[in-house]
Structures are given as C-alpha cells and as structure tokens.
Amino acid sequence: MPQIPEKIHELTVGQLAARSGAAVSALHFYESKGLITSRRTTGNQRRYTRDTLRRVAFIRAAQRVGIPLATIRDALAELPEERTPTREDWAHLSETWRAELDERIKQLNRLRDHLTDCIGCGCLSLDTCVLSNPDDAFGQRQAGSRLMVERKPDHHDATRCG
C-alpha cells in the first residue's frame with residue numbers, strides 16, 4: 001500500500017483509492033451521492049482532504065453491515081466538515097442503527113425458517129406461500145404466488161366482436 005507523506009494534505013483520487021481500498025468508480029459514486037467531497041484543481045482534477053480516508057472507511061464499514069447509503073449520508077451530514085469520524089461518532093451512530101439491523105435480522109430469520117416449505121413445494125404456489133405472499137395478505141382472495149393485476153372491464157369490451 002503506497003504511503004502518503006505527512007506533508008501532503010490532499011490526495012488524488014488514485015491515492016485515495018489505493019489507501020482506502022475503494023475503486024475509483026466507487027469514490028466518484030460516493031461523491032455524486034454527497035458522502036464525500038473534493039475540490040477541483042485548475043486542471044479540473046479532484047483533490048480530497050486526508051480526512052476523506054476515514055470517511056470512506058466509515059462508509060464501507062456501514063455498508064458491510066447493510067446500512068443504506070442515504071442513511072450513511074444523513075449520519076455523515078451530522079459531522080462537521082473536514083473532521084474525521086471518531087470512535088465516539090461510530091458508537092453513537094451504530095447504536096441508532098442497531099434497532100433497524102435487529103429488525104432485518106428477524107425478517108431474514110423468518111425467511112430462512114420458511115424456506116423449506118417453498119423448497120418442498122418447488123413451484124412457489126402454496127396457498128399461503130410465506131415468501132411470495134408474506135403474512136398471506138392476499139390469501140383470502142386467491143391462492144398462488146402470482147398476484148394478478150385486477151383489470152376493470154373496459155366499456156368497449158362488451159361491444160367487441162369475438
């Protein structure tokens with residue numbers, strides 16, 4: 001991994017990619033979504049402050065646990081610009097995300113537990129398929145995994161010839 005001398009306060013996109021492990025395209029994407037910022041040189045090249053390394057690490061860690069980018073952006077917006085997220089920042093934000101993650105884990109466990117029913121059927125057309133029809137929301141009206149769009153009769157249908 002290339003070392004960046006301490007006297008360098010700004011990084012090129014290539015240096016940021018090499019140090020953070022994120023692809024250049026990912027860094028451009030993060031910037032387009034407002035997660036990180038850069039300034040442009042007179043030659044229109046991006047330059048990132050050194051604290052962007054910590055921000056990228058923060059983003060990638062949050063993504064690994066399933067936090068949506070919009071939520072990450074909102075969290076980073078709470079931090080002052082040009083300040084690296086600290087352990088305390090991460091602890092505070094991760095605590096707020098814990099309930100959301102716990103709920104997703106519950107949902108995934110329910111899906112896992114019901115997966116055997118669908119594998120046994122094979123066609124996903126059980127009367128009360130828990131994967132295609134969670135909580136059997138449509139089971140009172142019809143069976144099966146496909147939800148048909150109910151079409152209202154067109155007033156021209158009665159006048160058409162067969």
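**Figure 1. Close-up of Ser 20, a buried residue with a relative accessible area of 18%.** In this predicted model, Ser 20 is a residue of helix α1. Its relative accessible area of 18% lies under the 20% limit, and Ser 20 is therefore classed as buried. The side chain of Ser 20 extends to the backbone nitrogen of Ala 22, at a distance of 3.2 Å. When neighbours within four places in sequence are set aside, the residues in contact with Ser 20 are Leu 27, Leu 53, Val 56 and Arg 60.

**Figure 2. Packing of helix α1 against helix α3.** Two packed helices are described by the angle between their axes and the distance between the axes. Helix α1 spans residues 13-20 and helix α3 spans residues 51-64; they pack at about 50 degrees, and their axes are 10 Å apart. This angle makes α1 oblique to α3. The crossing of the two helices, α1 and α3, is right-handed.

**Figure 3. Residues that form the contact of α1 with α3.** Helix α1 contributes Leu 16, Arg 19 and Ser 20 to the contact. From helix α3, the participating residues are Thr 52, Leu 53, Val 56 and Arg 60. Sorted by class, this contact of α1 with α3 comprises 3 nonpolar, 2 polar and 2 charged residues. Ser 20, shown in the preceding close-up of that residue, touches Leu 53, Val 56 and Arg 60 among its contacts.

**Figure 4. Surroundings of Glu 31 in helix α2.** Helix α2 covers residues 24-32 and includes Glu 31. The relative accessibility of Glu 31 is 18%, so this residue counts as buried. A polar contact of 2.5 Å joins the side chain of Glu 31 to the side chain of Ser 38. With residues up to four places away in sequence not counted, Glu 31 touches Ile 36, Thr 37, Ser 38, Arg 46 and Tyr 48. Ser 38 thus appears both in the polar contact with Glu 31 and in the list of residues that Glu 31 touches.

**Figure 5. Setting of the close-up views within the protein, which has 5 helices and 3 strands.** Starting from the N terminus, the elements follow the order β-α-α-β-β-α-α-α. The protein has 162 residues, of which 22% are buried; Ser 20 and Glu 31 are buried residues. Of the contacts in the protein with a separation of 6 or more, 48% are between residues 24 or more positions apart.

Technical notes: Residues are numbered from 1 along each chain as its sequence is written. This is a predicted model: local features need pLDDT of at least 70, side-chain atom pairs count only at pLDDT 80 or more; totals for chains, interfaces and linings use all residues. Side-chain values use heavy atoms; hydrogens and water are left out. Axes are lines fitted to C-alpha atoms, for helices over the stretch in contact, and angles run from 0 to 180 degrees between N-to-C directions. Helices (H or I, at least four residues) and strands (E, at least two) are DSSP runs, numbered from the N terminus. Angles under 35 degrees count as roughly parallel, over 145 as roughly antiparallel, 65 to 115 as roughly perpendicular and the rest as oblique. A crossing is left-handed if the near helix is turned anticlockwise from the far one by less than a right angle, and right-handed if clockwise. Contact means heavy atoms within 4.5 Å. Ala, Val, Leu, Ile, Met, Phe, Trp, Tyr, Cys and Pro count as nonpolar, Asp, Glu, Lys and Arg as charged, and the others, Gly among them, as polar. Buried means under 20% relative accessible area, exposed over 50%, partly exposed in between (1.4 Å probe, protein chains only). A polar contact is a pair of N or O atoms within 3.5 Å; within protein, one must be able to donate a hydrogen and the other to accept it, and residues adjacent in sequence count only if both atoms are side-chain atoms.
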